[in-house]
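Colleague: Got a minute? I'd like to go through this model with you.
Modeller: Sure, pull it up and we'll start with the strands.

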Amino acid sequence: MTITSAPRSSAGHAGSVRIGLLGLGTVGGGVARLLLERGEAIAREVGRPIELRRVVVRDLTKARDVSVPDGILTDDPANILDDPEIDIVVEVMGGIHPTGDWLRQAIRAGKHVVTANKDLVATEGAELLRLAASHGVDIAYEASVGGGIPLIGVFRQDLAANEVQSLHAIINGTTNYILTRMAQDGADYAPALAEAQALGYAESDPTNDVEAIDATYKLAILASLAFRTHVPQPEIYREGITRLRADDFRAAHDLGYVIKLVAMARRHHRGLGEPDAIEVRVHPTLLPRDVLLAGVNGVYNAVHVKGDLVGDVLLYGRGAGSAPTSSAVVADIIDIALNLNAGIANRVPFKVAGDLPRLPIAEVETRYYVRLWVADQPGVLAQIAQAFGDHGISIASCIQKETSGAPEGSAELVIVTHLAREAGMRAALDAFARMGAVREVANVLRIEAP
Ligand SMILES: NC(=O)c1ccc[n+]([C@@H]2O[C@H](COP(=O)([O-])OP(=O)(O)OC[C@H]3O[C@@H](n4cnc5c(N)ncnc54)[C@H](OP(=O)(O)O)[C@@H]3O)[C@@H](O)[C@H]2O)c1
């Protein structure tokens with residue numbers, strides 16, 4: 001089906017660019033709608049029409065809120081993968097199996113690929129990119145991280161002259177919504193999650209989001225591009241948001257911080273002759289209230305990157321949703337269609353400069369926030385300071401609050417440290433566990449100031 005009857009391109013290419021769409025859900029529906037409703041404008045952009053040739057779904061009987069032309073909906077992927085006339089396979093079905101195999105088949109058949117699938121790109125992306133390069137086709141994945149925010153293109157091309165020093169990102173809208181509610185309403189974790197679920201921002205099984213698994217997939221993709229190295233998702237240090245309590249938000253606020261789930265990567269220059277290392281981690285983080293990321297609220301996402309030439313860059317916008325994500329998918333389609341017009345592919349290949357080792361979490365240095373319940377008696381503070389001191393940690397501030405909900409004979413301490421090694425902090429926490437005066441370590445959070 002031809003969407004519009006736009007003229008031939010100035011480059012002299014006849015006919016349309018033919019699309020096979022795998023998936024017609026939240027994103028696929030948005031992509032189909034865009035291709036159908038904005039066909040004329042897109043054809044002007046490309047110089048020839050984009051034709052939605054086939055759409056593969058799982059369930060042909062399902063009611064859809066987008067209507068596609070008669071006869072193009074199918075539940076047989078062979079109708080796309082084996083159709084020699086399809087130029088670009090657009091994968092918006094998700095998952096790794098059978099998706100990865102279908103895309104490999106498409107690439108081997110000489111088809112270009114656009115995907116929004118962060119799980120697949122983070123786990124099999126390097127292999128898919130190599131395969132695509134060896135078959136002279138493109139694979140584009142702008143929508144896989146940050147929905148409508150231009151990120152992949154920025155890291156692949158726009159920052160290419162820089163050595164990226166660090167990136168700090170809020171890249172999971174579900175958790176950012178929950179944390180924003182906790183900060184603004186003094187809500188505890190469970191009611192804030194329930195509200196996010198009622199509004200459709202969190203799934204009924206929220207594990208992937210609240211345990212920060214989703215954020216590690218996205219960070220694997222961004223850090224690989226930013227540092228021109230391969231960052232395997234399972235190697236990313238990860239802590240979710242489920243241990244955060246209203247008390248942490250109150251204490252953070254009093255200290256001048258906000259709490260966000262931050263995905264971060266940072267380059268470490270090591271000694272002469274040693275390769276740089278990178279630290280990659282995702283965990284709840286205290287951010288000073290005046291840094292750019294601290295103001296990113298609700299379901300919004302943002303990435304703050306520091307390059308040695310460009311300095312600070314902030315990329316901000318809607319990280320998910322049908323329209324923003326299909327905006328990125330269709331931009332990739334247009335880009336590949338323009339490459340087809342010019343007869344080129346792989347103009348910006350993924351470059352691996354080397355294998356930068358990951359800094360073990362024990363070697364990471366950061367500042368810490370520690371909230372403790374201790375016995376309300378003389379000498380306890382001195383014991384705690386001693387335990388920190390024994391492991392090379394110095395205290396920047398310590399606040400003891402009179403709290404109405406405090407258990408009998410207990411006091412709450414909120415301690416902020418100077419820069420300390422993770423290994424030292426863990427050893428100090430072990431020492432606290434053996435100390436009768438420390439009743440409970442309620443939370444330990446890292447502090448960053450991007
Ligand atoms: N939703 C977002 O805001 C967002 C943002 C960024 C990236 N993404 C990524 O985009 C992808 C799609 O997400 P989505 O939210 O659009 O998912 P979705 O609403 O669940 O849609 C998935 C679509 O794929 C089809 N499908 C799934 N498995 C299939 C199979 N084995 N064979 C044939 N068709 C199959 C489904 O068919 P039926 O309709 O028949 O069930 C459905 O149309 C995922 O990789 C996701 O991570 C989503």
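Colleague: Which residue in E10 is the bridge partner of Tyr 237?
Modeller: That's Arg 281. Bear in mind that this is a predicted model. Tyr 237 sits in strand E8, residues 237-238, and E8 pairs with strand E10, residues 277-288, in the parallel sense over two bridges.

Colleague: OK, and how many bridges join E9 to E10?
Modeller: Twelve, and those two strands run antiparallel. Strand E9 covers residues 257-268. To find your place there, look for Leu 261, which stands opposite Pro 284 in E10.

Colleague: What about E17, parallel or antiparallel to E10?
Modeller: Parallel, with two bridges joining E10 to E17, residues 438-447. Leu 286 stands opposite Ile 447 of E17 there.

Colleague: Changing topic, how is the protein divided into domains?
Modeller: There are three pieces: domain 1 is 17-148 + 323-342, domain 2 is 152-318, and domain 3 is 361-447. The C-alpha centres of domain 1 and domain 3 are 52 Å apart.

Colleague: Let's go to the N-terminal part. What is the strand order in the open sheet of six strands?
Modeller: It goes E3-E2-E1-E4-E5-E6, and the pairing is parallel. The edge strands are E3 (73-74) and E6 (139-140), each of which pairs on one side only.

Colleague: And E1, how many of its six residues are buried?
Modeller: Six of the six, so E1 (residues 17-22) is largely enclosed by the rest of the structure. Val 17, Ile 19 and Leu 21 point one way, Arg 18, Gly 20 and Leu 22 point the other way, and all are buried.

Colleague: Arg 18 caught my eye. What is its bridge partner in E2?
Modeller: Glu 51. E1 and E2 (residues 50-56) pair in the parallel sense over six bridges. With E4 (residues 88-91), E1 makes a parallel pairing over four bridges, and there Gly 20 has Val 89 as its bridge partner.

Colleague: So what does E4 pair with besides E1?
Modeller: Strand E5, residues 112-115, runs parallel to E4 and is joined to it by four bridges. One bridge pair to look at is Glu 91 with Thr 115 in E5.

Colleague: Which helix packs on the sheet, touching E1, E2 and E4?
Modeller: That's H1, residues 26-37, and its direction makes about 150° with that of E2.

Colleague: How far apart are the end C-alpha atoms of H1?
Modeller: They are 16 Å apart, which agrees with the 16 Å that its twelve residues should span at 1.5 Å a residue.

Colleague: Which residues of H1 are buried?
Modeller: Val 27, Gly 28, Gly 29, Gly 30, Val 31, Ala 32, Leu 34 and Leu 35. What covers them includes E1, E2 and E4, along with helix H2 (39-46) and helix H12 (322-342).

Colleague: Last one: which residues touch the most other members of the largest nonpolar core?
Modeller: Val 90, Leu 219, Leu 222 and Val 329, out of 127 residues in that core. Helix H10, residues 213-227, gives the most to this core, with ten residues.

Colleague: What is Val 90 in contact with, leaving aside its neighbours within four places in sequence?
Modeller: The contacts of Val 90 are Ile 19, Leu 21, Leu 22, Val 31, Val 114, Val 329 and Ile 333. Of those, Ile 19, Leu 21 and Leu 22 are the E1 residues we went through, and Val 31 is among the buried residues of H1.

Note on methods
Residues numbered from 1 in each chain as written. Predicted model: local features only at pLDDT ≥ 70, side-chain atom pairs only at ≥ 80, totals over all residues. Domains from an automatic or database assignment. Pairing = 2+ DSSP bridges. Buried ≥ 20, exposed ≤ 12 C-beta atoms within 10 Å, placed from the backbone. Core = buried A, V, L, I, M, F, W, Y, C linked by C-beta atoms within 7 Å. Contact = placed C-beta atoms within 7 Å. Axes fitted to C-alpha atoms, helices over the stretch in contact; angles between N-to-C directions. Expected span 1.5 Å × (residues − 1).
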